[in-house]
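Thanks for making the time, everyone. I would like to walk you through one model, starting at its metal site and working outwards, so please have the viewer open.

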Amino acid sequence: MRILWTGVAALALTMPAAAQSLGDQVQQQMPSLMTIYKDLHANPELSFMEVRSAGILAAEARKLGFDVTEKVGGTGVVAVMKNGPGPVVLVRADMDGLPVTEQTGLPGASKVRVTTKEGVETGVMHACGHDTHMTSWIGTARLMAANKDKWSGTLVMIGQPAEERGAGARMMLEDGLYTRFPKPQYALAFHDAAQFPAGAIGYTPGYALANVDSVDILVKGVGGHGAYPQATKDPIVLASRIVTALQTLVSREISPLVSAVVTVGSFHAGAKHNIIPDEARLQLTVRSYTDEVRNHLLDGIARVAKGEAIAAGLPDDKLPVVSVEKDEFTPSTFNTPDLTEDMAAFLTTRFGDKRVIKMPPVMGGEDFGRFSRDDKDIKSLIIWVGGVPQAELDAAKKEGRTLPSLHSPFWAPDAPAVISTATEALTSMAMKLMPKG
Ligand SMILES: [Zn+2]
Ligand SMILES: [Zn+2]
């Protein structure tokens, strides 16, 4: 079921906030928020290009009385509201869309096409739901401003660029997020969730999302005629051995009770049946939770590549070149356990135990972890907010159908459910962390 919110935008912001419960205030905002959501959804922007989206967040926050700074770490937005003594709470939304051509067929679907800086023409879509994140950020900003008499502290709301490239959080921090602006004691965010009931809240104490590394391996060889392999060093055979040996890093070197992934997602070599090429190229995604496992995997990949090349008889100057994409490393996301349990208990009293569900960690990545990674004084929590109507989940299960995941061109979250739940959850948590007197 989809709820339609058309034509009622003008009714927003008409009742005094104090007289209403937070849930009622959220519902009051929904028509206006859905108008914003539809606009953001129809106008997605790729990583590093979130200029229009950032402008919308900045303008909204400015109207509400936040002290707003733009272009922090590229297109990032920082909106600060100082409201008396108390802790500093950071609330983050990411802003970028993906190079995916939307195929939901829904009215309001994105028709945006761009040519990337690599020269590839592509559709652009909020296939990860960052449009719901931005809209809920605006909803939270509005409710925090409307309820200033009920909390005391400093609220730092940030619109972050380039999450999908694992770069935006780092860029904002490097541009002085914690030196030019108040440094938080708490950092909060949410992500919409596919395969999870609309309006349900998922939480994971401890590690929630993985370290993500991208690794390239250039496997060198000696090319020649396919009929005379004895005169060559075949990089395809060598790269194949490397791919197979890499599987043992997880299966033989890491404890079965510890999570790790080594996936070779790309293998390119050669151009013709009867030519042995002189190189092969592999691209890997490498995932873990702890620094220790991450280092073991990255060291292991270099060791396996080199060892297999030596076994194949390659000379020193033709050993594989293994490079780790430092700029696109996404560190694992760790939800501070005591904060997570406290907030889960608090959210359960507000939303009920059927809507607040403990979730296992996943091997996906999120650069939100960066905001607390290097500072143990910052407690941090990202929650999931489900986006699939229960009826659709039930039908898919019955029919044995797989539902679209995040990043799918078919991902169509139940936006009103996600936005209203996330807005209420973020606002109530922020207010809980900044109690009055
Ligand atoms: Zn994503
Ligand atoms: Zn995302």
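H130 and H191 are both buried, where buried means under 20% relative accessible area, exposed over 50% and partly exposed in between, with a 1.4 Å probe and protein chains only. Before going further, I should say that this is a predicted model, in which local features need pLDDT of at least 70 and side-chain atom pairs count only at pLDDT 80 or more, while totals for chains, interfaces and linings use all residues. Residues are numbered from 1 along each chain as its sequence is written, chains are lettered from A and ligands numbered from 1 in the order in which they are written, and side-chain values use heavy atoms, with hydrogens and water left out.

Those two histidines belong to the site of the zinc ion (ligand 2), whose protein donors are C128 (SG), H130 (NE2) and H191 (NE2), at 2.1 to 2.3 Å. Donors here are N, O and S atoms within 2.8 Å of the metal (3.2 Å for Na, K and Ca), and since water is not among the atoms, sites may look incomplete. Along the chain, the donor residues follow the spacing C-x1-H-x60-H. H130 sits in helix α3 and H191 in strand β7 (residues 186-197), so this pair ties together parts that are 61 residues apart in sequence; helices (H or I, at least four residues) and strands (E, at least two) are DSSP runs, numbered from the N terminus.

What bridges the zinc ion (ligand 2) and the zinc ion (ligand 1)? The bridging residue is C128, and the two ions lie 3.2 Å apart. C128 has 6% relative accessibility and therefore counts as buried.

For the zinc ion (ligand 1), the protein donors are C128 (SG), E164 (OE), E164 (OE) and H407 (NE2), at 2.0 to 2.6 Å. The angles among the four donor atoms run from 54 to 151 degrees, and the site is irregular. By the rule used, four donors count as tetrahedral if all angles lie between 85 and 135 degrees, four count as square planar and six as octahedral if opposite donors are over 155 degrees apart and all others between 65 and 115, and anything else is irregular. C128 lies in the loop between β5 (121-123) and α3 (130-146), and E164 in the loop between β6 (153-160) and α4 (168-174), so the pair ties together parts that are 36 residues apart in sequence.

The loop between β6 and α4 also holds P161, which at 1% relative accessibility counts as buried. Leaving aside neighbours within four places in sequence, the contacts of P161 (heavy atoms within 4.5 Å) include E50, G73, T75 and M172.

β6 in turn pairs with β2 in the antiparallel sense over seven bridges, pairing being called when DSSP finds at least two bridges between two strands. Of the eight residues in strand β2 (residues 76-83), seven are buried. On the other pairing, strand β1 (residues 67-72) and β2 are antiparallel over four bridges, and in their hairpin, with three residues between the strands, G73 has a positive phi near 65 degrees.

Finally, the packing. The largest nonpolar core has 57 residues, with F66, L155 and M429 having the most contacts inside it; such a core is a set of buried Ala, Val, Leu, Ile, Met, Phe, Trp, Tyr and Cys residues joined through side-chain atoms within 4.5 Å. Helix α10 (residues 415-433) gives the most to this core, with 10 residues.
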